[in-house]
Amino acid sequence: ELLLRNNQLTRIDCITFKHLNKLTLLRLDGNQIDTIDPKAFDNCTSLTQLGLSYNKLIQIDGNLFKKLTKLTRLDIDNNKIKKIEVKHFETCLNLEWLNFNNNKLTSLHSHTFNKLSKLQKLDLSNNIIRNELKLIFETRYLEILNFSFNYINIIKLEFTNGGSCQK
């Protein structure tokens, strides 16, 4: 475990965690991080939990989580992230908890989370997602979906394991 909460870190370079391949938990919450090198976590292949909450992130590179195939929990809430790409999570097949609340998301591609077959909790509350939200899930384990405090007027949820919900 490496806990670096509530410090004054502003950036994470590609060499910062280079030799920490056995690291399972990394908490960087409560810093001033506004930049993370796309290869910053490439050698953290044992990481199961990553905390990036309460920083100043505006964007994250599409390949940032590419090598984090064992990741089960990602907390990236309370930043200023405006966009999530489909490829952000396509290799995070073990992800169970994803906290993305209190960011600046305005929309999502319907397939953003569909490869996350083990997903149990998805929190997208307190963003600025507008109008119609359509998401496709391939998980049977989903317990919590939080879209509170957005500007959604139509929501369509499709579960490729047979279920669907529309309101």
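Strands are DSSP runs of E covering at least two residues, numbered from the N terminus. In this predicted model, that assignment places Tyr54 in the loop between β5 and β6. The phi angle of Tyr54 is near 55°, a positive value in a residue other than glycine. With a relative accessibility of 51%, Tyr54 counts as exposed, because the class begins over 50%.

The protein contains 0 helices and 12 strands, and its succession of elements from the N terminus is accordingly β-β-β-β-β-β-β-β-β-β-β-β. The radius of gyration is 16 Å, close to the 15 Å given by the globule rule for 167 residues, so the protein is as compact as a globular protein of that length. The C-alpha trace spans about 45 × 30 × 20 Å along its principal axes. Of the 167 residues, 43% are buried. Among contacts between residues at least 6 apart in sequence, 43% join residues at least 24 apart.

Aromatic packing was examined next. A pair of aromatic rings is described by the distance of the centres and the angle of the planes. The structure holds 4 aromatic pairs. One of these is formed by Phe17 and Phe41, which are stacked with 6.1 Å from centre to centre and 15° between the planes. This pair links distant parts of the chain, 24 residues apart: Phe17 belongs to the loop between β2 (11-12) and β3 (25-27), and Phe41 to the loop between β4 (35-36) and β5 (49-51). Phe17 and Phe41 are both buried. A further stacked pair consists of Phe65 and Phe89, with a centre-to-centre distance of 6.0 Å and an angle of 10° between the planes. Distant parts of the chain are again linked, with Phe65 in the loop between β5 and β6 (73-75) and Phe89 in the loop between β6 and β7 (97-99), 24 residues apart. Phe65 counts as buried because its relative accessibility is 0%; Phe89, at 1%, is likewise classed as buried. Ring pairs connect Phe65, Phe89 and Phe113 into a cluster.

Several of these phenylalanines recur in the nonpolar interior. The largest nonpolar core comprises 43 residues, and those with the most contacts inside it are Phe41, Leu50, Phe65, Phe89, Phe100 and Phe113. Strands β9 (130-137) and β11 (151-159) each contribute at least two residues to this core. When neighbours within four places in sequence are left aside, Phe113 is in contact with Ile84, Phe89, Leu98, Leu108, Leu122, Leu124, Leu135, Ile136 and Phe137. A charged group also meets an aromatic ring: the charged end of Arg130 sits over the ring of Tyr151, at 4.7 Å from its centre.

Toward the N terminus, Ile12 is located in strand β2. A relative accessibility of 2% means that Ile12 counts as buried. Residues up to four places away in sequence not being counted, Ile12 touches Phe17, Leu28, Ile33, Thr35, Ile36, Asp37 and Ala40. Phe17, a member of one stacked pair, is thus also among the residues that Ile12 touches. The C-alpha atoms of Ile12 and Lys39 are separated by 9.6 Å, although the two residues are 27 apart along the chain.

A polar side chain is found in the interior as well. Asn79 lies in the loop between β6 and β7, and its relative accessible area of 5% makes it buried, since the limit for that class is under 20%. A polar atom of the Asn79 side chain lies 3.0 Å from the backbone oxygen of Leu52. With residues up to four places away in sequence excluded, Asn79 touches Leu52, Ser53, Tyr54, Asn55, Lys56, Leu57, Asn102 and Asn103.

Two of the residues touched by Asn79, namely Tyr54 and Asn102, have a positive phi angle. For Asn102, as for Tyr54, phi is near 55°, a positive value in a residue other than glycine. Asn102 is situated in the loop between β7 and β8 (121-123). Its relative accessible area is 28%, so Asn102 is partly exposed, whereas Tyr54 at 51% counts as exposed.

Terms used. Residues numbered from 1 in each chain as written. Predicted model: local features only at pLDDT ≥ 70, side-chain atom pairs only at ≥ 80, totals over all residues. Heavy atoms only, no water. Phe/Tyr/Trp six-rings, centres within 6.5 Å; stacked < 30°, edge-to-face > 60°. Helix = DSSP H or I, 4+ residues; strand = E, 2+ residues; numbered from the N terminus. Buried < 20%, exposed > 50% of the residue type's maximum accessible area, 1.4 Å probe, protein only. Lys NZ or Arg CZ within 6 Å of the ring centre and 35° of its normal. Core = buried A, V, L, I, M, F, W, Y, C linked by side-chain atoms within 4.5 Å. Contact = heavy atoms within 4.5 Å. Polar contact = N/O pair within 3.5 Å; in protein donor to acceptor, adjacent residues only side chain to side chain. Rg over C-alpha atoms; globule rule 2.2 N^0.38 Å.
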